[in-house]
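Thanks for making time this morning. I would like to walk you through one model, moving from a single loop residue to the core, the aromatic pairs and the pocket.

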Amino acid sequence: MQRHDEDSIRINPSILAADFVNMQAELARISSADFVHVDVMDNHFVPNLTFGLQMVERIQATSPVPLDVHLMITNPDRWAPGYAELGAASVTFHLEAAQEPVALARRLRAIGARAGVAVKPATPVEGLFDLLDDFDQILVMTVEPGFGGQSFMPETMPKLRRLADEARKRGSAVWLQVDGGIGESTIAQAAEAGADTFVAGSAVFGAGDPDAAIAGLRDLAEHRH
C-alpha cells in the first residue's frame, strides 16, 4: 500500500540495483513501495552514466508506483523541468549543480512535480534553513553520489539531525530523504536522525521477496523515527 501522508515512512527502492534488461518485471516486484527512485547520471557531475529522458519516460509508462527522479547532472536548470513534464511525481536536483535552485524548484512545482534538492556528504545544510518552504524534499546523500553499493557514511547523520531539528522548529512539512547504503543495519540510524524517506537499492532488489524487504525496512524505520 502506498502512503504519502506527511507522517508516514516512505521506502523508495532504487532501480540502480535492478535488472535493467527486465525493468518492467523488476518494477512489478516493488508494487508496495511508495516511489521508485530513478538515478539519472550524466558522467559529468558524477563519474557514471545511467540514462536520460527517453528511458525515464519508458519507466514512467510502465511503473506501478510513482517516480522519484534524482538528477546527478550538471545544468539541472535546463534539464530538470523535462522530467517533471513527462509525469515524474518528484524531481530532485543537486544544490551544488543548480544556478537558481529556488527558481528551479518553483518551476518544477508549477509543472506539477514535487521539488527536491540534494546535497553531497560534504555540503553543509545550513544554507537551506531559510529555504525549507521552497522544497518538498531534501535529500541528504549518505554516500558520495555516482555509484550504487557503497557503504553508509554515519558521519552524515549530525547534518541530517540539524536539518530535522530546524524543520521541526519551523513547522516545515519538507520530507527528509537519505540515499546510499540504506538497509536493515543502517535504516534505524537514519530514521532516528530524522529521515522519513529512504532510498534502498540492493536491500530491496537483492532480496528474494522485495515486498517483504520493503515491509521490513518500513517497520525498522517506523520504530525509530
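**A walk through the predicted model**

Let me begin with Asp134, which is found in the loop between β5 (114-119) and β6 (137-141). Please keep in mind throughout that this is a predicted model. At 15% relative accessibility, Asp134 counts as buried, because the cut-off for that word is under 20%. If we set aside residues up to four places away in sequence, Asp134 touches Val102, Ala105, Arg106 and Arg109.

A second loop residue makes a useful contrast, and that is Leu49, placed in the loop between β2 (36-41) and α2 (53-62). Is Leu49 buried or exposed? With a relative accessible area of 57%, Leu49 is exposed. Leaving aside its neighbours within four places in sequence, Leu49 is in contact with Met41, Asp42 and Asn43. To give you a sense of distance, the C-alpha atoms of Leu49 and Arg224 are separated by 35 Å, and these two residues are 175 apart along the chain.

Now to the interior. In soluble globular proteins, nonpolar side chains tend to be buried together. Here, the largest nonpolar core has 63 residues, and those that touch the most other members are Ile15, Ile30, Val38, Val56, Val69, Val91 and Phe198. Helix α5 (residues 157-170) gives the most to this core, with 5 residues. Apart from it lies another core, of 5 residues, including Met41, Phe45, Val46 and Met72. If you want one residue to follow in the largest core, take Val69, which, leaving aside its neighbours within four places in sequence, is in contact with Val38, Val40, Val56, Tyr83, Ala88, Ser90, Val91 and Thr92.

Next, the aromatic rings. How many aromatic pairs are there? The count comes to 3, and I will describe two of them. In the pair of Phe20 and Phe51, the ring centres are 5.6 Å apart and the planes are at 55°, so this pair is tilted. Phe20 lies in the loop between β1 (10-13) and α1 (23-28), while Phe51 lies in the loop between β2 and α2, so the pair ties together parts that are 31 residues apart in sequence. Phe20 is partly exposed, at a relative accessible area of 36%, whereas Phe51 is buried, at 11%.

The rings of Phe35 and Trp175 have their centres 5.9 Å apart and their planes at 70°, so that pair is edge-to-face. It links distant parts of the chain, with Phe35 in the loop between α1 and β2 and Trp175 in strand β7 (residues 175-179), 140 residues apart. Both partners are buried, Phe35 with a relative accessible area of 4% and Trp175 with one of 2%.

Trp175 has a charged neighbour as well, since Arg114 lies over the face of Trp175, at 3.6 Å from the ring centre. Likewise, the charged end of Lys120 sits over the ring of Phe45, 4.5 Å from its centre, and Phe45 is the residue I mentioned in the 5-residue core.

Let me finish with the largest pocket, which holds about 340 Å³ of space. Which residues lie nearest its centre? Of the 25 residues that line this pocket, they are Gly148, Gly149, Gly180, Gly181 and Gly201. As for the elements involved, β2, β8 (197-200) and α7 (202-205) each supply at least two residues of the lining.

Conventions:
Residues numbered from 1 in each chain as written. Predicted model: local features only at pLDDT ≥ 70, side-chain atom pairs only at ≥ 80, totals over all residues. Heavy atoms only, no water. Core = buried A, V, L, I, M, F, W, Y, C linked by side-chain atoms within 4.5 Å. Buried < 20%, exposed > 50% of the residue type's maximum accessible area, 1.4 Å probe, protein only. Helix = DSSP H or I, 4+ residues; strand = E, 2+ residues; numbered from the N terminus. Contact = heavy atoms within 4.5 Å. Phe/Tyr/Trp six-rings, centres within 6.5 Å; stacked < 30°, edge-to-face > 60°. Lys NZ or Arg CZ within 6 Å of the ring centre and 35° of its normal. 1 Å grid on protein atoms, 1.4 Å probe; cavity = no way out; pocket = protein on both sides within 12 Å on 5 of 7 lines; lining within 4 Å. Points joined across faces, edges and corners; volume = space filled by probe spheres on them.
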